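Colleague: I should like to go through this model with you, beginning with its cysteines and then turning to its cores.

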Amino acid sequence: MRKFLNISLLLLFTGWFSGELMAQPPAEEQVKAAFIFNFTQFIEWPDSAFPYKGAPLIIGVYGINPFGSFLENLVDKEYSGTHPIVVRYVKSPDEISQCHILYIEPGFRVKVKEVLEYTEQKAILTVSDAENFIEMGGMVRFKNVDNRIRFQINPDKPNAAGIKISSKVLRLAEIASTSQ
Amino acid sequence: MQTQLQSRTGLFSPLIVPDFSGGKTKQGNSKFFLYVLLMVLLIIPSPKVFSQDQADTLPTRLKSMSMEELMNIEVFSVSRRLEKLSETASAIQIITGEELRRSGATNIPEALRLATNLQVEQLQSNAWIISSRGFNSVFANKLLVMINGRNIYTPLFAGIMWDVQSVLLEDVDRIEVISGPGGTIWGANAVNGVVNIITKSADETQGVYASVATGNHLTDRVAVRYGGKIGEKISYRAFIKREHRDFTTLDNGQQNEDAWNLTHAGLRMLWEIDDQKDLTIIGNVYGGMSFSEPERTTYDGQNITARYDHAFSETSQLMVQAFFDRTWREDIPSTFTDQLHTVDVNVQHSFSPSKRHRMIWGGSYRWMESLVTSETDSVGFVPELRTMPLYDVFFQDEISLLPEKLYLTVGAKLQYNIFTEYELKPNARLSYIISPRHNIWTAVSRGVRTPSRIDVDYHLPTFPVPSDVPSVQGGPDFISEKLIAYELGYRARPTQKIMLSLAGFYNTYDDLYSVEAIPGTQTYQITNSSEGTSYGVEFTGTIQLFQQWRIRGGYTWFQKELSTTAPAPFNVNSLGFDPEHQMVIHSMADLTDDLHLDVILRGRTADENSVADDYLTFDVRIGWDVTNWLELSAVGQNLGDTHYHGYASGVSVTTRMEPRILGKIACRF
């Protein structure tokens, strides 16, 4: 029993030291959130996507929220042009259709294709890290390559929806066009 | 009165005489200075204490970075696979490649120790026994184990020869461990559990990996792997590894004759034909010897697997796989030479005819040719050569009774084997998603353990003897062992960083193995006169305490009650040496960016029937990333109780599991 206590204490101390004393590399989701923030700065939505001039730019998160409160904190008091940025956790097709960016968290019975169907014909930038997201009709896909975040973009879909992506973003993306 | 042979240590030796006597317990020792050493590590302060990085908050920092800079930041991620686990109505655990490499495990059995729903015991330097939910023994036969979908059991006793099962641990993607019958798609032997060791695909292991390691038990280990591409669509990797493991010591101080080595070369290739079609080829060649007396035991094997995957759409996928496997062993202590050829073809197709149904169907054909010869005629397999074809078909439907809420999976597998002809394994599973944060599942399944050669063909002696002379004459009427399993499980993900899972089971077994004499004679046969029940609870969890500290682990409670109508000397408790309590805690901590400390605490209570005592022991691994291509690590294993392990065989063999240390240098380019 004493040995068990000793070892437990050992584990506890190890964790405490490592947790408290050192600078922490960011989590995958935090860097993705930072990319999403950049998208709001370097992408233009058509005027028709907003009900009125200063209407909020809505980032919708569908599925289990992977960001915690990080994404909300990141975009707090920030603007995309004249539009204040807000984060919403969406479920229904109605809520989805009001978003300007839709982040789809895969897994847990999230039928990615179905969700993408609700975004058809609308100026919604769809983002996910689901496998084959582009092939299924998504616009931006995050990849973790060697513990670094990369992203693929299929420019055909945003173009068709009237979304203008700055060359600053396109330059860094892996272009994955589905039109053959 | 039972015929006994002098048995020496050797992998086959317990086969010579199924002896059914009990054992006694012993005390273990502890190593206090190792505790002191570890405590010292706490005192070394991290230089990062004094860094200024903490001044800026993370959101501000990230927002101030350009996208180019964001693309260069190294991130850490929690395994996404944890999400998929919640979708499965079974007691599944996944050990990721990363967790495996952060454990100090040096081979597959040590890696499987990380699965809290498996019982793993090392008997000798080259012998392990592994099972799930009971019945662990040298004859453990209720676990289906695969490497990349290739079944690795031997039909000799429906178990695994663990010493020759080898993978380059660096390239393991994950190990999936299901305790319980697991579902329709798993084949023969998936009675108490299914293990699949999956290596990374060829395109994920590019570049060079080279390592050398040595220590006081595992010595002279060298491994080299090269991964490259041919054109755009073909990736491959080739590796060779070799190691030597030293002998172990008996409790009387005498040295076991179980030092051994293994050399293994392998190749894996991936051809991405197009976005929907893939072809994977995996080949392995291995060989080695163990230093038994009076001659060395030698073994070798070759296998090749080809798999074609075709994704017709998001919901329709086809897989066709074929493998050829040859294993050979000349085991000196038992005087057996065993050769096995296996050819297997299997097909699986999953599709969704409507929104509410996800179906999988498939079939397989396996042909096994087993040749077992013996130097002596006092024991052996009759006939020496047996050809065993095995056919099966299965079908499973996952029905969405209430979308996003309630799912019912029903399925059945029909199998044909030469011993018992047709066997049906139906199962039904219900999964209720209470909320995205937790779900509950329940299942009823029928499992079948089909006869193996040791049940049917085992003869002692191999020549006919009169019925008043004691002998064992196989089990010509042996039928399959049967299981009905009732399971209930609960999974919770209260926060992103905590995952918990609880699984309870109640198993009833029928037609279990027994040995009894034909009435009025001294002729013993293998029969099915035992039965029993077992039940237990498996608890597992993973907690990401800080970004740099992850703890995973679990506890299993297990009870078993067996009975038999076969008279003495058969002891039904010899069917399994299973502890009532078992626990594993695995802590992975990054002390700094480059320094990693991993600790595994593991222990179990003694089981009534063997000489293995209670033990609580731990393994430690320290890894240092000296540069981005060079890693040094040191591993200590069995640092707690020097627990003894014994197994009741013809001769009681009690082997010490002494502390082991290992130092390793690894390069990655």
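Colleague: How many disulfides does the structure hold over all chains?

Modeller: This is a predicted model, and the count rests on pairs of cysteine sulfur atoms within 2.5 Å. Over all chains, the number of disulfides is 0.

Colleague: Is Cys99(A) buried or exposed?

Modeller: The cut-off for a buried residue is under 20% relative accessible area. Cys99(A) has 3% relative accessibility, and therefore counts as buried.

Colleague: Is Cys667(B) buried or exposed?

Modeller: The limit of 20% applies here again. Cys667(B) has a relative accessibility of 17%, so this residue counts as buried.

Colleague: Which strand gives the largest share of the largest nonpolar core?

Modeller: The largest nonpolar core has 66 residues. Among those with the most contacts inside it are Leu100(B), Trp162(B) and Leu575(B). The largest share of this core, 4 residues, comes from residues 498–517 of chain B, that is, from strand β26.

Colleague: How many residues does the second, separate core have?

Modeller: This core includes Ala55(A), Val61(A) and Ile149(A), together with Met71(B). Its number of residues is 44.

Colleague: Which residues is Trp162(B) in contact with, leaving aside its neighbours within four places in sequence?

Modeller: Trp162(B) is one of the residues with the most contacts inside the largest core. Once those sequence neighbours are set aside, its partners are Ile108(B), Pro109(B), Leu112(B), Trp128(B), Ile130(B) and Val145(B).

Colleague: What percentage of the residues in chain A is buried?

Modeller: Chain A has 7 helices and 10 strands. Of the 180 residues in chain A, the buried ones make up 52%.

Methods. Residues are numbered from 1 along each chain as its sequence is written. Chains are lettered from A and ligands numbered from 1 in the order in which they are written. This is a predicted model: local features need pLDDT of at least 70, side-chain atom pairs count only at pLDDT 80 or more; totals for chains, interfaces and linings use all residues. Side-chain values use heavy atoms; hydrogens and water are left out. A nonpolar core is a set of buried Ala, Val, Leu, Ile, Met, Phe, Trp, Tyr and Cys residues joined through side-chain atoms within 4.5 Å. Buried means under 20% relative accessible area, exposed over 50%, partly exposed in between (1.4 Å probe, protein chains only). Helices (H or I, at least four residues) and strands (E, at least two) are DSSP runs, numbered from the N terminus. Contact means heavy atoms within 4.5 Å.
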